[in-house]
Each structure stands twice: as C-alpha cells, then as structure tokens.
Number of protein chains: 2
Amino acid sequence: MLDLLFSPKSVAIIGASTKELSIGNVITKNLLHYKYKGPIYPINPNADEVRGVKAYKTIFDVPGDVDLAHISIPSKFVPQAIEDCGKKGVKFIIINSAGFKEVGPEGEALEKEIVFIAKKYGARLFGPNCQGIINSDPDVRAYCDFTFTFPDPGHISVVAQSGGVGAVIMQRFFDLGVGMRFYASNGNACDISIEEIIRFWGDDEKTRVIVLYVEGFADPKGFMEMAYEVAAKKPILAMRGGRTEEGAKAATSHTGGLAGIGLSTELIFEKTGILTFRDEEEMCQAAIAFASQPIPKGNRVGLITDTGGPAIIATDELVDLGLEIPSLSEKGKNFLKDKLYADASINNPIDVLATAAAPHYRAALDTLINEEQVDSIYLNFVTPPFADTESIAKEMAEVSLQKKKPVICNYMTDKAQWTGTTKILKDGGIPCYDFPEMAAKALAALTRFGKIRTRKIGEVKQFNDVDKSKAEKIFLEVQKSNRQLLTAQEAYNVLEAYKIPVADWKVVDSFKEAEIAAKKIGYPVVLKADSVSVIHKSDVGGVITNIKDKNSLTKYIEGLQKNIEAKDLKFLIQKYLPGGRELIVGAKAEPGLGHLLMFGLGGIFVEVLKDVIFKIAPVTDVEASEMLSSIKASKLLDGIRGEKGVNKEGAIEIIRRISQLVTDFPLIQEMDLNPIVALEKNNFVVDVRIKI
Amino acid sequence: MLDLLFSPKSVAIIGASTKELSIGNVITKNLLHYKYKGPIYPINPNADEVRGVKAYKTIFDVPGDVDLAHISIPSKFVPQAIEDCGKKGVKFIIINSAGFKEVGPEGEALEKEIVFIAKKYGARLFGPNCQGIINSDPDVRAYCDFTFTFPDPGHISVVAQSGGVGAVIMQRFFDLGVGMRFYASNGNACDISIEEIIRFWGDDEKTRVIVLYVEGFADPKGFMEMAYEVAAKKPILAMRGGRTEEGAKAATSHTGGLAGIGLSTELIFEKTGILTFRDEEEMCQAAIAFASQPIPKGNRVGLITDTGGPAIIATDELVDLGLEIPSLSEKGKNFLKDKLYADASINNPIDVLATAAAPHYRAALDTLINEEQVDSIYLNFVTPPFADTESIAKEMAEVSLQKKKPVICNYMTDKAQWTGTTKILKDGGIPCYDFPEMAAKALAALTRFGKIRTRKIGEVKQFNDVDKSKAEKIFLEVQKSNRQLLTAQEAYNVLEAYKIPVADWKVVDSFKEAEIAAKKIGYPVVLKADSVSVIHKSDVGGVITNIKDKNSLTKYIEGLQKNIEAKDLKFLIQKYLPGGRELIVGAKAEPGLGHLLMFGLGGIFVEVLKDVIFKIAPVTDVEASEMLSSIKASKLLDGIRGEKGVNKEGAIEIIRRISQLVTDFPLIQEMDLNPIVALEKNNFVVDVRIKI
C-alpha cells in the first residue's frame, strides 16, 4: 500500500527554493547527495533550476508521472498545491510545511481541508509539519527529508512521532556504523498513520527490527490491533516520551491517581508484545543486536573474557538484569582444561587470558555453543597490543555466522588502530559495544524479547453466570438521576450481579431496620454511612468496625446522624471480617482504549508504597494471574512466617469478573474494590466505589 | 611524594625485548610515540637497540640517574632486578610482570620478598601485575604503560584497580575527544596504594576530577581517611565492580543477610562524599561535565530547546532523577516574549524554535542566567541545516565561559559535518552529549555532588550515661563459656547498660517464678523460650503473646517444656505491647571497617520488601536521622490516614546508642533489635539477638 511512498519512481518538490537554507532546497540537495535513482522535479515559478536540476513552473509542467511530491510552502497555499497534485495524479504527498493542527483551531480547520481535498483525488498525505521518509535501498535511495544523516543500507527501520528524536536516533546508528532500512517521521499524521507505516514494514523482508518513538496515540485500539499483528512477525522496540507529564500531579490513594497518562502507552506495548525502553541509547544499541543476531531460547549466558574487571562488571549487570550465569558441564570444563592455558579460568566466565590466541577462543566458543545450559554468548574482548586479534576475530565471526546462539561483544579497543579486527567482527554480524554494561543491556533486551515471544497470553474467558441486565438497570437509574457516584446499595448490587463476593450487607434507613439487619447478618458488624457526598468514609468518621451488640449499634448510629449532615444518609450494616490481607482491585476508563485494571495489596501498600500493577481490560486468565505475581509484595499472598496466604484463585476471579464488568459497561469511569478482605479460603469485598 | 612516579625525568625498561609484541617493547614504543620528554633506557643484555633507542646491558650501564624503571621479565627474576634498581638509586619501579599474589601462596611470598628488598633501598614499588601510569602534561608526556590509548592533556585523572576497566574508560574519553591528566592502574598494589595515588592527585592543581574504579579495599579505614580529605577538595567519581558477588546468596531476614559484601564499599563512598556510579559510561560522561563546569547551587534546571521531542525526553529524565523544572519569573517571561519568535514557547523548557538565530538563543541564555530560581542550564540543540549554528554556538560558549551556572548540552548533530560548531562548543567548555538522557544524567551528577558538598554531616555524639563496664563483664562471661550467642537475659542486660529502652522483662526458671514475674510486670504478658539453641523463636512456637492470666501462663509454660528439648531452657516473661509499628535496628561487623548499622520497619517490610537502610558506624546524629527518612515506607513513621506516627527521636536515639555500643565492642559480630515496638510516645525493644 505504501510502496510508492517509500519507493517513489519520481519525486517533485513544490517550494524548491533557490535559497540554500530553505527546506525545499535542502530536500533537493539531499536527494542528489543520496543519489536518488529516479527523476527529481523541483517546482519553482521563478527559477530555471535548483541545485543544478531543471525546475518546473508548476507541477503540471512536469513531463512524467509524479509518485511523490513534497510541499514546503506557507500553509495557506497548501490546499491549492494539493488540489494541483491531485489533478496531476500524484500518489503520495509529504507536507513539510507547518501551520496546521499544531497552531490551534484555524490550523486544524486547514488540516481537515487538505485531507478532504486529497481524498477527493485518492492521494495520500504524509504530515503535515513533518520531516519525511528515507529509503536506503540501493535501487531506490530516496532521501525525501531535510535532515542531515545519510544512512547506509541495513535492517533497522525507524519511525518517530518527533522528528527531533528520530533524527538523533538515525544519527546514532550512523555514528555507530550501523545501517538502516527505512526512516519515517510523519508529524501531525493527518492521514498516513504510524500504524500504517509499521504494518507496511511488518511485511518488508529487509526490515528485521522496527524502532518506534511515540508521545501518544490518536487511536490506541487501532495501534493495538496493528501491534498484535506485526509484533508477532518481527521485533518492535519502542519508547514513549512524556511519561512524567502527569508525574507531577500528586498521586492519590485510588486507581485514577495511580495510573498516569503515560502508563497506558507502556501497557499497550506490554500487552501487544512490543519491547519497551526508557532510554534512546539503550534502544538503539539493542536494535543493533536484533538486526543481526538470533533470539536466545532462555536467560542463561556464557561469557568469554580476556580481562578480569570488565567481566566482573558484565556479570554484575547481567545478574542485575535478571540473566543467569550457569556453571559449565563437566564435559565442557574438561574440554577447556585441555585446550586453554593452564592459568585460564574454565568456569563461567571463561577467562582465556589476555595472551590467548585464536584456537583458545575457538575452544571457548565451541564449548559455549555446545553447552545445553547456555542460551547466549557474551564476549568480553580487549585487544592487547601483543595478540593477533584479527585471527581471533575471525573465529568469533565464524561462530556468530552459524546463528546457533546469539553472540554479542563488549569490544574494548581503539577502532582507529584495530580497523581490520573491527571489520571482521562487523562482517560477522557481531554487535560490538564500548562498555560491558551496554553489551549486557543489549543481550538482556534480546532475552526479554525471547521471553515475550514465547509467553503464554492466555484467554479472555467470559463468565456466563453474570446478570448483565440487572447491572444495566442500576446504571440507567444512576444516569437518570444525573449522578456520577453509585450509592453503596447500588454498587453492591452491581457486584452481586457479576457474582463478585461481598461481605454480607444491608442498607437501612433507621435504627430499627439496622437492628434487624445486624441480627440477621450476625454481630460483630460494621456500620457505614451511605451517602454519595461521603467518599473517603474513614476520614470523616463514617465507618465504625467491630460493633459487638445492639447497644453499641444504637450509640454509633446516633453519632453518625449527628456528625454527617446529608439528606440522603442511609446506613450500611455489614459483616465484620477481622484478619486476612487487604486487597484492592480497581478500574479506570482510558479514552479510546477501554479500561485499565489495577491490583494491589490495600492500605499502606497502595498508599505509601504504590505497590500496584496495571493491565488493560479485558484481561486474560494469564494476565489476571500475573497481576498477583507481579506486585513487589506478592510473597505475602502465599503467606509468610506462619501467617496464612490468601485464596489467590478467588482474587484472580474477582479481577476477571471486574474486567468483564467494565468491558460490558464502558460508561464506568472509575471503580475501586478497596479493600477486599482476603482470607485463606474466601475473599470478600468490604468497600466499593463506582463512578460513571 | 609521587612526583617522580608521575613526572620521571628518565625511564628505564628492564626487559625491553626486541620482539615487537612483548610488553617491554610496547612500552618503549609507547614512550616514543607519546613523545616522552626525558631519556629512555631500554635494558637488554643481548641487543644494541630497541625500537631505535640505544639499549644497555644492565641498569648499571645507564649513564644518568633513573627516576622510574619498568620491570617486565619473568617473576622469578624480579627480586634481583629490584636489588639492581635499588643499588642504582632508582626511585620508582613499575612491575608489569605477573606471577605474584594473584597466583597463590608462592607468588605471595615472592611479592613480600620484593617489597622487603625495595624498602631496603627506599625504592617505591608500583604493581606488580599491573599496567603503569600515564601523564599527559606537555612537559612530561610519560606513557609508562603498555595500553594503546594516547590521551590529550585535560583535567580528568583516572585510577583503576582493574587495568581492563581503566583502559576502556581511557579509550572512552579519547573517543569523545576529551582530555585526561593522569592515568594509573597499579594491579596487586604491593606498595603504592590507590589511596596514596588519589591523595597525590588531590593536591594536583590540573586534576579537576578523579575517576576511580575499585573491586574492594585492602584497608577500608585508610581509604576512608583519604577520601574524607580529598573529596572535600575535588570531586571523586567512583564505581565498584563485583557488587552482585553476594547477590546470589539468598538473603535472610536479618542484618547479616541483607548487607552484601559490596554494600560496604558504596557506603564508604556515601559517607566520605564520593559520588557513586553503577555504569561506566554514565561515570565518564559525568566526569566530562565536572572537568569544565561549575557545581550547581540547587536542583532547578532551566532548559532551552529548538525541537520538541528531545526536550520532552530531557524533562522525563530530569524529573526521574529528582531535578526540578521551575516556572520562569514574569520578568523573565516578558523579556523572552519581547525577544523570541511569536510562536516560541516562553515557559520552561524555552522552545526558541528550530528557525531561531543567535540573538534568540542569547536572550534565552541570559534569561536563565538571571533567573534566581534556576540553578543550571540544559541546552537541547539540534543543528538544523537552515540555521547559522556557529553564531548560535558562540553565544552558548560565551555564557558557559562566564561560569555563573553550569551549562550542558544535548548536542544533536553530525559532528563530521558541523565541525566548526562542534569546536566552538568544545572550546567553550560545554560538555556535549549525544542523547537527552545522558545529558540529564550528567547534569544530575553535578547536582548530586552539589548536594553532597553542602550537606550537613552532623556529629558523632557520645552518651555518657552508659555503663560500659557492665556490658564488658557480660561479654567476658560469654567469651569464657565459649559461646557466640548471648542468652536473652545477657542481651537485655547489655541493652539496659546502654540505656536502650526494653519492654519490662524477667527471665525465670520455673512456673512459680514466672507467675510472680508476670504479676509484677502486669498482664497481658509475652512468654518466650530462652535458649541459645532457639534463634528464630516464632518458627518453633517458642513465643506466645497476649497471655492474659495465670491459667494461660501455666498452660503455655507446660507446652514449651514439652516441645522444646533444651537443657538450658528458661522462660522470659515480658510485657505485651500490642499496636504500634515494628522497627528493626541491627548491626553487623565488617572486617577492617567496623560495623554496618541497619534500620528498617520490621516484619514484612524487612522480610518481603527488603526496605532497609545501612550506614557505617559510628553514625552522626544527622546520619541516624537520615536512616529513618531514607526508607521507602518512611511516611509510616509519621503516621498516615488516622494511624498514629512513632516517636522518631526515640528511634534515632536507639540507633545512636547501638552505634556507640558496637563501636565500644568490636567483638560484636551481629546484633538485631527485632522488633522494636514503636509507639507514639515511646519505643521498646521486645526482642534482641546478639552474636559475638
């Protein structure tokens, strides 16, 4: 679909000025410099040539077809230019000009106008307010962009919402001597979206890894759909800018406050199998490994080193990143004993010593390739002035090219002196890093992706025993009365409709009814004020626990009536459940996405330690189970030092039922089951808040 | 003291072979290549010249004085060579040869022998099993090392215990075009220590920042003494390798298990004001900022950018690292409104727009220099092909050279194309980074150091009300009876001698005594089995809490007698204190250093969340107070949501008294007050374990 955008047979530049620093001029220069294979048509009403290329007064004067046109003229002239392009039959239009959506309502109207015009002619728009695209294919060499980095052919494709970030990433690959396949930065993205670009690259054979930078999604669900599809085919590495936008806002104790806006983006990455990064350098360095190395089957690393300190640091970093450094088999050790210097270390890391020669390295490499308990190979290679490093590098390259296990290298040298060695490693597809930490991080990224690729996703299983229409009626009532918050009675009824276990309860108007209810439920009971105006009940003294008899109940009800002046004040009588762990399950609507679900241990764990985990609804059975195991204090759920654990299956079921509830009712804005008292056998919701 | 080591007027190389790949030959080559200013004397019994330099048969044949001699001959010949050097009057000897302490007892003996010989002659030894030293001073140019990186003069001095790590760090500075002052890697360090080297550099005017890599300390206390002294004069940036050595060992619930071996090194760094890093790249990049920029007065950053995305990432990263992005003053904003483009953003970050020219940048720079609420300046500078970047860079350089506030730059360009701009920034002393994250990390390091430099250290105040001799008697008794663990009675008596508040207690032999004690203490009480063989009492049912009356007490004592078969079984009756927070204070001996103190919240906070903090004893009042405020759950100590806080002053006093106790008694191996019940007014130790 986007073939002619990335591989245009001809390019016109509307606004190709003769001023050397103008964008149209720079694009013309870039196309020439990059040796674009098709004809270039600068469009300029006042010049005969631009950068030595024949210019045309209008696009209609161009003799041949135009696959792709740049527009870099003031925004007010852009609609007419698109009209002209349409008439000429241009397929793709990159609008470099700014002055659209990003400048306010007027620009937004202008942007809508150009989309309308383009549609009329079936032309596709890229931008506006954007850089453009690059295709390094030797048969195309399209540099339709005003940036300044000229990538060699390679297998990494980069798409960035921010041109500044994209340019820096591209420059990094260039500085590292690593090739790229495609580049795209589409600015306002009025028509062609990042989703469409990535989907196109998903089917591009020469793109082995996709690097993505975003600051948000116009269409989160559309992105997810694409991401599921493409991430199953090839690795997507992604980073999200603006994650602390909301970080400044004080977090409150509830789901809404704990889920910053940035969170949903990273949750989308997680759910769809995209590898998330928080550092551009780390993402770039990982991409290099993905571009040439296979994905490891597990997290067990075998190291070969010729110097001590960097291997220690590598071990520190690998262990920190969750990788394992297994012992070698007796067979492997005996082989090494036979082949290496007497002083060499035949453990893992294998220290071949700085004086080692090619056969020593080869023996170590072969050992690690053959070891069943090793999934990947980490080389720690300093180039001693007294070693024949080229013959050593040849052995490394040969083993790397076997593609049996990933091989990466912390390559400690002066590349300007060791040019031959450096080239051998590069031709062998061995990703080389300047420091042990970065090499470890890149290997960890490969490993993390291997884990994602083979993970069990599970199924979203529906509960058929829920009473959806009962819940629907309640929500309708609340909407009718123009309220956002459900009363306790309404909220508990919704939970019961979805078979979520709640502690025995009854809402009453008077002391008399309260007494009857308490007797039926059985003392001790909890008394709560039920009024939509009272949210954080414990702050206003609206919750009294462990009421043991009728007399106390009378006294407390009188107290509530005196303290809380609310016309709608009712009393909720509930079974008092001492002991157990407090859990919290919550949900929060996320525009364009659905809901985020939250799970955590209640009380201080959520309020002080923020030890909570989020997932996007609907969750699968596996995801719901992961929510329990991913919190930091998850051991508490299993019980510790004589304390009993909780019914985890029950908690997982509550999460899944809440997932189904919020998916059934998109109107739910926020809900919290806080706390759920989790006992060894059963879990009971003892407080709930639902906002629509 | 080490003047002639780093600035030798002549260098001899014992073992200067004619084989090109031999170490002695490489050192000769390096001295020549680096243009060493003094005479070079290769010592070789069989050659007339090495690398074109006249060689001498023995060191005695050398015509002039020898300040510094390299020895790179097999280890067994080293003693004689040192003897010869001594006789010749050589001041410093770098022993590159391996085969000493690192190969076992025989090598260790050889190492002792050479130290003995050198002492006899007053010669100082560097190494053995080491690289050597480099001095980039244009008047010296001493490259007494076999490595391959030839640094330009600069202000960063690097010392590394591991030569491999040192070489990589040196190469990194070289690749980044950043100069160095000194380099040293002293291997086995049999005589000249890292402490001595750093102390020497502390007084070297041209060394502005010291970069240190260690894997451990032979003399932790000596290192601390030096570090206090030098870190007060100039920044020391340090990293420790091998921090996960102990990470593999399963942590237990007590102080011993939570304090890994690596920890004490980082605690030494913290206590003495050394800036710790966990990533070499980050340490190197920070060093570059330290080498040319002043230290910021606070953590408030003003940003100037000409592109959106990277400024967003910079903000994310700065905020993550604890820096603030304050709003600008009205005056500042008005000034900017007047000077910048209409579409520019006059908030912080100030977006001057990609089309901005030098005067726009200067206006933004001047604004940030003048803003009182801004402590440092972060430039986010992409070089658009349509901008006059050199004139912009000149403004940046000029403001940087004012040295009023630190200026760092995320410099997004192709340095091969923008050579002029790059040189202007470099000459302006502006540290340039390839990615916003790294620039933010470097600025955060400067800021972190500013905070360390101005921090209050506090005082180690002695309590004079302690009864040291009473405690001493108890420890003597325990030693006499060949025990390691104190009984409960002994441990509580030690605490009482140091006026550490304990819950009312009495140790008894029989039920009858128990009954009297319980009555006196007042029910409810706790009953504990007191036997050195029972450590984790709650695991064996040896602790019964909340015993309300005599009958229950009888029953439980009988139970204990039945269940615990220990000849030394006694019963500890203690006041039962329900409610409050559980705290834990512990101490652990650290060889060569003293003790580490630990503080945390007890129970799951220590066992599951490992939320504890360590400091080296003796702690000052400020440090003890920091221990409370540094745990993640510190808010709990202040009380939260209606729950009461604890007596923090009391807890701080307990830490300080324990600090005094372990400092008074180095024989204490491990002790834990776990838990201390912390109430609003008072804290009481309710369980204690002391091991000597």
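Reader: What makes β10(B) and β12(B) paired strands, and in which sense do they run?

Author: In this predicted model, two strands count as paired if DSSP finds at least two bridges between them, and 5 bridges join β10 (residues 156-160) to β12 (residues 209-214) of chain B, which run parallel, so the definition is met. Within β12(B), B:Leu212 is the bridge partner of B:Val159. Strands here are DSSP runs of E with at least two residues, helices are runs of H or I with at least four residues, and both are numbered from the N terminus. Residues are numbered from 1 along each chain as its sequence is written, with chains lettered from A and ligands numbered from 1 in the order in which they are written. Local features need pLDDT of at least 70, side-chain atom pairs count only at pLDDT 80 or more, totals for chains, interfaces and linings use all residues, and side-chain values use heavy atoms, with hydrogens and water left out.

Reader: How do you know that β10(B) also pairs with β11(B)?

Author: β11 (residues 182-185) of chain B is joined to β10(B) by 2 bridges in the parallel sense, which satisfies the requirement of at least two, and B:Val158 stands opposite B:Tyr183 there.

Reader: Why is β10(B) called largely enclosed?

Author: Buried means under 20% relative accessible area, exposed over 50%, and partly exposed in between (1.4 Å probe, protein chains only). Because 5 of the 5 residues of β10(B) are buried, the strand is largely enclosed by the rest of the structure; B:Ile156, B:Val158 and B:Ala160 point one way, B:Ser157 and B:Val159 the other way.

Reader: Why is A:Lys403 called partly exposed?

Author: Its relative accessibility is 41%, which lies between the cut-offs for buried and exposed, so the residue is partly exposed. A:Lys403 is found in the loop between α14 (389-401) and β18 (407-412) of chain A, and its phi is near 55°, a positive value in a residue other than glycine.

Reader: What makes the meeting of B:Asp279 and A:Lys441 a salt bridge?

Author: A salt bridge needs a side-chain nitrogen of Lys or Arg within 4 Å of a carboxyl oxygen of Asp or Glu. The N to O distance between these side chains is 3.2 Å, so the pair qualifies, and the count between chain B and chain A is 4 salt bridges.
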